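Welcome, and thanks for keeping your viewer open. Please load the model and have your selection tool ready, and we will walk through it stop by stop.

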Amino acid sequence: MRTKILVLRLGLVILAGCVLAGLLAIHPNSGNPPPENEAENCTVVMVGKDASTDGSVMTTHAADCGVCDWTWRHVPAADHQPGETRKIYHVHQIRTWPPSEGLKWDLYKNDFTGLEIPQVPRTFAFHHGVFGYQNEHQLSIGEATIGNARKISNRTPAAKLDITMLTLLAMERCRTAREAVRFMGGLAEQHGYGFHDGGEMLAVADPREVWIFEIMPVGPLWTPESGQPGAAWCAQRVPDDHVSVCPNESRIDEVDLNNTDYFLGSAHMISFAVEQGLYDPKSGQSFSFKRAYSPSQGSAKSNPRRARLWRFFDLVAPSRKFSPDMANMEFPFSVKPDKKLSVQDVMTIMRDKCAGTEFDPLRGLRGGPFGNPYYDSSTRTIGTNHAEYTTVTQSRSAFPGPIGGLVWLALGSQDTSCFVPFYAGITDMPDSYKIGDHWVFSRDSARWAFDYTDFHAQVVYNAALEDVKEAQDKWETSAIARTPEIDKQALDLYSRDPAKAAEFLTGYCLDNACSVVNAWWELGDRLLVKYNKLGTYNIEKRSTEGSKTRTVPDWWEKMVKVYDAILEPADR
C-alpha cells in the first residue's frame with residue numbers, strides 16, 4: 001500500500017509539473033539579478049514626420065513613478081523687462097501643489113539653488129506635468145531615465161540643474177528641437193547637471209524633426225570653479241522616415257559630431273569618458289556613447305524585464321524578424337516601420353503587453369481565471385499599471401503652432417484610461433487635472449476618476465476591459481476622428497483672430513475633458529455594481545451543476561484540482 005501511495009504521489013507530481021511547465025512557460029533566466037533602472041518604465045516612442053500617417057512628428061512618455069505628481073498646469077506666455085532674472089530651483093517630482101500656490105516653482109522657495117540667469121524678453125506658453133511637455137511653438141518633450149556608469153556617480157552636488165528644470169526652461173525659451181537640445185546641453189555644461197538626477201534621456205521634437213537627447217552627470221567632484229563642463233551630453237536625430245524608442249536604456253551608439261545634421265553633443269564627451277576610464281581609445285573600438293556612459297546587459301530572452309526594446313521593434317517592423325535573443329546593445333538606433341503609424345497606433349503601442357509572445361503575462365496560469373496581466377511581474381511590458389499618466393504629443397507642420405501642437409493625455413493605467421486631447425494653443429487646463437493626491441481620495445480630481453475605474457476593473461479583468469474599451473471607443477476614438485474638423489474650425493478662426501481660435505480650442509478641450517472624467521466616474525460605478533461579488537456577471541455567465549454555481553472558467557477549476565492533488569495526502 002505504501003509503495004502504491006508513493007507511486008501515485010510521484011505520478012501526480014510529474015503530471016502537474018508537465019502541465020504547469022507547459023502552461024506557465026517559466027523563463028529559464030527569471031532568477032537573474034535585477035538590471036539598473038528596473039523601477040523605471042518610462043517608455044518613450046518617437047515617430048518621424050515621414051513615418052506617420054498624417055505627417056506629424058510624435059513623442060510619448062509613460063510617466064512611471066507610482067508616487068509622483070500627476071497634476072497638470074498651463075503656464076501662460078509672459079513679457080519681461082530688461083535686467084530681470086530667472087531663478088533656478090531644484091524641482092522635485094513627487095510633490096503636488098494646489099493651484100492657489102501659483103506656478104510650480106513658486107512652491108520651491110526653499111530649493112532655490114542660488115543661481116539666477118538673465119530673463120528673456122518673452123517666455124512662451126506651455127503645458128507641464130512632472131516635466132514640460134509642449135509649448136505654443138509645438139516644441140514637445142518626452143522623458144526616460146537611462147542611468148549611468150557607476151564610476152561617474154548619480155549625483156553632482158554642486159550642479160544647479162536637474163532634468164525637470166531643463167525641460168521647463170526649454171519650454172519657456174525655445175522654438176525648435178535643435179535649439180532646445182543646444183540650449184539644454186549648453187546650460188548644463190555651464191552650470192552643472194545632476195543635483196539629484198543621473199543619466200536621463202529626452203525625446204525633443206518639433207513639427208519637422210525629433211531628437212534623442214541624452215545627458216550624464218560628471219561626478220561628485222565637479223564645481224563651477226573647476227572650469228570644466230558640468231555635464232556630458234549627446235543628441236542624435238531620428239531619420240524622418242524612421243521610428244525609435246527609449247525604454248530606460250541609452251540609445252546613442254557611435255557619434256559623429258562633424259555631421260551636425262544628425263549629431264550634436266558636448267565637445268569633451270570622449271575625452272571625459274577616457275579620463276573616467278569609461279572608454280579606451282587603444283582598444284581599437286570606435287567610441288560609443290551608450291557603451292561608455294550607460295551600458296545595458298542582456299537581451300529580452302535573458303532578462304524579460306528588458307523586453308520592451310525588442311517588443312517595440314517587433315511591433316513596428318515585424319518583417320525584420322528581430323529576435324528576443326538579440327542583445328539589447330545591438331539593436332539599431334531607429335528603424336523604418338513596415339507601415340506608417342497613426343496617433344491611434346502609437347496609443348495602442350503604449351498599451352502593449354506582449355500578447356501572443358513568449359513574454360505574454362497571460363501565458364499559462366499567470367493571468368488567473370480572469371486574464372489579468374498584472375498578476376505576473378517577470379516581464380516589463382510597454383503598458384504599465386503604475387504610470388502617473390501617459391502622453392502622446394503631435395507636432396504638425398501643416399498648422400500654426402497653437403493649432404498644430406497636440407498633447408494626448410491619459411491619466412493612470414493606459415489600458416483602463418482614456419487619451420484626452422489638449423491643443424498647444426489652449427490657455428488653461430481643466431480644474432480637475434490641476435489637483436490630486438495619491439493619499440487622499442477626491443471626486444474633484446480627474447486622476448481619481450481613472451483610478452476608480454481601474455480599481456473596479458481588476459475584479460474580473462478580461463470582462464471589465466470590454467466595458468472599458470466601449471467607453472474608449474466612444475470618447476477616445478471619436479476624439480481622434482473629430483480632430484480634422486476641430487483643426488479646420490480653429491484654423492478659420494485663427495486666420496481672422498488668433499485669440500478667438502485660442503478661446504475656441506480651450507472651450508473644446510476643457511469641455512471634452514470634463515465629459516470624459518464624468519464618463520469614467522460613471523463607468524467605475526457601473527463596474528462596481530456589475531462585478532460586485534461577481535454581481536450581474538454571475539447572472540449572465542454562470543452555469544449550474546445541481547446546487548453548484550460556477551463563476552470561474554472550467555480550465556481554472558481543473559488546474560486547481562491538479563494543484564490540490566499535489567498538496568493533499570494521497571491516501572486521504
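Which residues of β17 point one way, and which point the other way? Select the strand and color it by side chain: Leu 406, Trp 408 and Ala 410 go to one side, while Val 407, Leu 409 and Leu 411 go to the other, and all are buried. Keep in mind throughout that this is a predicted model.

**Stop 1: the whole chain**

Zoom out for a moment. The protein has 13 helices and 20 strands. Of its 572 residues, 55% count as buried. If you draw contacts between residues at least 6 apart in sequence, 75% of them join residues at least 24 apart.

**Stop 2: β17 and its partners**

Return to β17, residues 406-411. Six of its six residues are buried, so the strand is mostly covered. The two-way arrangement you saw at the start fits a general pattern: in a regular strand the side chains alternate between the two faces of the sheet.

Now show the strands on both sides. β16 pairs with β17 in the antiparallel sense over six bridges, and Leu 409 in β17 is the bridge partner of Thr 391. β17 also pairs with β18, again antiparallel, over four bridges. In that second pairing, look for Leu 406 opposite Tyr 423 of β18.

**Stop 3: the full sheet**

Extend the selection to six strands, and you have an open sheet in the order β14-β1-β2-β16-β17-β18, with antiparallel pairing. Which strands stand at the edges? They are β14 (243-246) and β18 (420-423); each has a single partner strand, so one side of each is left without a neighbour in the sheet. From one strand to the next, the twist averages 15°.

Within this sheet, pick out β1 (residues 44-47) and β2 (residues 57-64), which run antiparallel and are joined by two bridges. Val 47 is the residue to click, as it stands opposite Met 58 in β2.

**Stop 4: Thr 60**

Stay in β2 and select Thr 60. Is Thr 60 buried or exposed? Thr 60 is buried, with a relative accessible area of 0%. Beyond residues up to four places away in sequence, Thr 60 touches Thr 43, Val 44, Val 45, Gly 142, Val 346, Met 350, Thr 391 and Val 392.

Turn on distance labels for the Thr 60 side chain. One of its polar atoms lies 3.4 Å from the backbone oxygen of Thr 43, and a polar atom of this side chain lies 2.8 Å from the backbone nitrogen of Val 45. For a longer jump along the chain, add Val 407: Thr 60 and Val 407 are 347 residues apart in sequence, yet their C-alpha atoms are 9.3 Å apart in space.

**Stop 5: Thr 71 and Tyr 433**

Move on to Thr 71, in the loop between β2 and β3 (73-75). Thr 71 is buried, with a relative accessible area of 0%, and its side chain makes a polar contact of 2.7 Å with the side chain of Asp 69.

Thr 71 also leads you to Tyr 433, with which it is in contact. Other contacts of Tyr 433 include Trp 72, Leu 409, Leu 411, Phe 450 and Val 517.

**Stop 6: the nonpolar cores**

In general, nonpolar side chains of soluble globular proteins tend to be buried together. Here the largest nonpolar core has 117 residues, of which Val 204, Tyr 433 and Trp 520 touch the most other members. Helix α11 (residues 498-530) gives the most to this core, with 11 residues. Another core, of 31 residues, lies apart from it, with Met 46, Val 218, Ala 292 and Phe 333 among its members.

**Stop 7: helix α11**

Select α11 from end to end. At 1.5 Å a residue, its 33 residues should span 48 Å, and the end C-alpha atoms are 47 Å apart, which agrees. At the N-terminal end, Asp 497 is the cap: a side-chain oxygen lies 3.1 Å from the backbone nitrogen of Ala 499.

**Stop 8: two positive phi angles**

Finish with a backbone check. Asn 248, in the loop between β14 and β15 (263-265), has a positive phi of about 65° although it is not a glycine. Cys 354, in the loop between α7 (343-350) and β16 (387-395), has a positive phi of about 60° and is not a glycine either. Asn 248 is buried, with a relative accessible area of 1%, and Cys 354 is buried, with a relative accessible area of 1%.

Notes: Residues are numbered from 1 along each chain as its sequence is written. This is a predicted model: local features need pLDDT of at least 70, side-chain atom pairs count only at pLDDT 80 or more; totals for chains, interfaces and linings use all residues. Side-chain values use heavy atoms; hydrogens and water are left out. A nonpolar core is a set of buried Ala, Val, Leu, Ile, Met, Phe, Trp, Tyr and Cys residues joined through side-chain atoms within 4.5 Å. Buried means under 20% relative accessible area, exposed over 50%, partly exposed in between (1.4 Å probe, protein chains only). Contact means heavy atoms within 4.5 Å. The expected span of a helix is 1.5 Å times one less than its number of residues. A polar contact is a pair of N or O atoms within 3.5 Å; within protein, one must be able to donate a hydrogen and the other to accept it, and residues adjacent in sequence count only if both atoms are side-chain atoms. Two strands pair if DSSP finds at least two bridges between them. Axes are lines fitted to C-alpha atoms, for helices over the stretch in contact, and angles run from 0 to 180 degrees between N-to-C directions.
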